[in-house]
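User: I am new to this structure and would like a close look at a single part of it, the place where the two chains meet. Please explain that part carefully and then set it against the rest of the chain.

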Amino acid sequence: MVLMFWWLALILAVLAVATVWFFRRPKATASSLPVAHSGRMTSLPSFRRAMRTRLLTTVALLGVIVLTGLSSLAGIARPAWIETVNPEKKLRDVMLCLDVSGSMLGYDADLLEAYQELVDRFDGERIGMTVFNATAVSAFPLTDDYDMVENFLAEAEDGFRTWGSEGTDYSWSTSPPNIGGSSLIGDGLVSCVDNFDRKDEKRSRSIVFATDNMLAGDPLFDLNEAADIAVDADVRVYSLSPPSILTTTQTKELKSVSDRTGGKQFDMGSASTIDRIVEEIQSQEAENTPGRSYTIVHDMPAIPLGLAVFGLAGVFVLAWRTKS
Amino acid sequence: MTALLNRIKARMTIHAHRRTRRLLDGDYSSVFHGHSLDFDDLRDYIPGDEIRDIDWKATARHTEPLVKRYVAHRRHILGLVVDTSRNFDAVTSAGADKRHLAILMAGMIGYLAVRHGDDVMLIHGSAERTTASPRKGSEAHLEHLLQQILAEAGTDSPGSINTQLQWISSHINHRMLLVVISDQAPLGPDEEATIRRLRAQHEVLWITVTDADLAGLPAASAPFDVARPDHGLPSAVMTKPLVRQEFALAEAARRQHRIDLLAKLGIAHTEIDHPKSALGRLHTLLLRHRRGPR
């Protein structure tokens, strides 16, 4: 709630005060009439009553005039509610891409918790989640319904914490018996890239890719091919890998994939990881889609101007009453 | 220096033809009821003379009525008692200036007295101070007295005729003809006691200069009370019908009270609001005094 033209109201207020000051009624002039023993009049009860009535009317008139003036000034000052809208955020899609292979099962619950934190920080972006092992399953498509997103994430987290006895169990659905192998990283990434919709629109697209990159089996796409597809689709891949002393090669590979697509590689586990991911994604995306936020002004003149109209009517009525 | 008195004399000449002026002289001389027994001479009767002064035997030998004239064994003293406070810097009910009206009334009576060969003195002042002049019988002295009344214009002392009356009762012990020129200040028990005491010793005549009708002032007149010159009076409120009605009732009650009180005390009284009625009022006053209860 701000006053857009507060300076105009200020100038008018000063002008009004100056006008009242200059045109105030002069003191008794030399042409006035001296009389003696005015106590004959001023001690009369009816005179006192009349004076009290006049005082009340005058005070009421003054009050109404001041109120009317103030509300007119408030109306002139253009009270408005200003909203800053950043439409670019609405053009961002973030796909959470989670590896649920056996080697990752120990981390997935924590990862989902981290995802939930991540979702809390987003504002306006569309979020989707795809889980993969031997095959990929779309947990939920891209959406800005964050309540639903959190429900899904919480249920998935429960599923992983209880090994499938509660919540949603993804490990079964992502490893159908007719597909050999597991942890087909490249196929998973391609599926994630493929799960972006509205491909004809120019949108900022990024993937948070949580995997340890422990390939077991024979994928259709290896990781480099998947990275090529991501680059072709203009999708940035931010990879998030669990800390492991043994996986330096895999981590490097992930890092190279992220770098090629314009993303970054993060290690899970440090407390500030989530912050850094959000910051990184948002700043990166801001760079990629230069934000042109604009301001919407919602004028709210109804109350002050309505008061002024009623006040003006009141001034006329009281002035007429005072005159008569 | 004799500007005021000349103007008063002119007014008496212009407005009263010779007959009326002599009438006033007769009025004035008959104010004094005590005659000395030393017969001086006879003169023509003028209307206003006491019937008992007519020398019927001499009149029978003459075509016109004749009046006995006596040698006054002492000069009478006219005491002009004038309220010269700020209350007299106001206007009368007819819109005239109270102070100038007071000067006119004092001047006319004083002139009659001087012509009659009497001494005139002035006791004037406000609630705070009373000033008394010496007694002299010259026109120059009378003019000086009138100038004193005028010189008090612009004072900021409140008025109280009781102060002057009490001063007289405590300072003057010879018999005088007192002409009190006051305004519509209410006469309470204190005033009544003072007047009663004075009445026992002196001949007292009372002239009330009527104050402005506060409920009938024109809207554009911007009235103010001389006691509070910085504050205007709300003429719009004062002329409201209800207020006007109550004011008229209160004024009538006060006026009746004053008239009744002065009548009860046996004091001739008249009200004056404008110079043009001054002569007529003066005649009425002197007549009332002569006819009043002895």
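Analyst: A good place to begin is one pair of residues, since A:Pro34 has B:Phe224, a residue of S8(B), as its bridge partner. This pair belongs to a longer pairing, in which strand S2 of chain A and strand S8 of chain B (residues 223-225) run parallel and are joined by 3 bridges. The model is a predicted one, and what follows describes that prediction.

Looking beyond the paired strands, the contact between the chains draws on 18 residues of chain A and 29 residues of chain B. On the side of chain A that touches chain B, the elements giving two or more residues are strand S2 (33-35), helix H2 (39-42) and helix H3 (45-76). Of these, H3(A) gives the most, with 5 residues. By residue type, that side of chain A divides into 10 nonpolar, 6 polar and 2 charged residues.

To place this part within its chain, it helps to know that chain A comes to 10 helices and 10 strands. Chain A has 324 residues, of which 32% count as buried. When contacts in chain A between residues at least 6 apart in sequence are considered, 82% of them join residues that are at least 24 apart.

Strand pairing is also found inside chain A, where 3 strands form an open sheet in the order S1-S3-S10 with antiparallel pairing. Strand S1 (2-3) and strand S10 (294-299) each have a single partner strand and stand at the edges, so one side of each is left without a neighbour in the sheet. The antiparallel pairing of S1(A) with strand S3 (residues 79-85) of chain A extends over 2 bridges, and within it A:Val2 stands opposite A:Ala80 of S3(A).

Helix packing adds another view of chain A. Helix H7 (residues 223-232) and helix H8 (residues 248-261) of chain A pack with their axes 9 Å apart and at an angle of about 20°; H7(A) and H8(A) are therefore roughly parallel to each other. H7(A) contributes A:Leu223, A:Ala227, A:Ala230 and A:Val231 to this contact, while H8(A) contributes A:Glu253, A:Val257, A:Arg260 and A:Thr261. The residues of the contact between H7(A) and H8(A) divide into 5 nonpolar, 1 polar and 2 charged. As for handedness, H7(A) passes H8(A) in a right-handed crossing.

Notes: Residues are numbered from 1 along each chain as its sequence is written. Chains are lettered from A and ligands numbered from 1 in the order in which they are written. This is a predicted model: local features need pLDDT of at least 70, side-chain atom pairs count only at pLDDT 80 or more; totals for chains, interfaces and linings use all residues. Axes are lines fitted to C-alpha atoms, for helices over the stretch in contact, and angles run from 0 to 180 degrees between N-to-C directions. Helices (H or I, at least four residues) and strands (E, at least two) are DSSP runs, numbered from the N terminus. Angles under 35 degrees count as roughly parallel, over 145 as roughly antiparallel, 65 to 115 as roughly perpendicular and the rest as oblique. A crossing is left-handed if the near helix is turned anticlockwise from the far one by less than a right angle, and right-handed if clockwise. Two residues are in contact if their C-beta atoms, placed from the backbone, lie within 7 Å. Ala, Val, Leu, Ile, Met, Phe, Trp, Tyr, Cys and Pro count as nonpolar, Asp, Glu, Lys and Arg as charged, and the others, Gly among them, as polar. Two strands pair if DSSP finds at least two bridges between them. A residue is buried if 20 or more other C-beta atoms lie within 10 Å of its own, exposed if 12 or fewer, and partly exposed in between; C-beta atoms are placed from the backbone.
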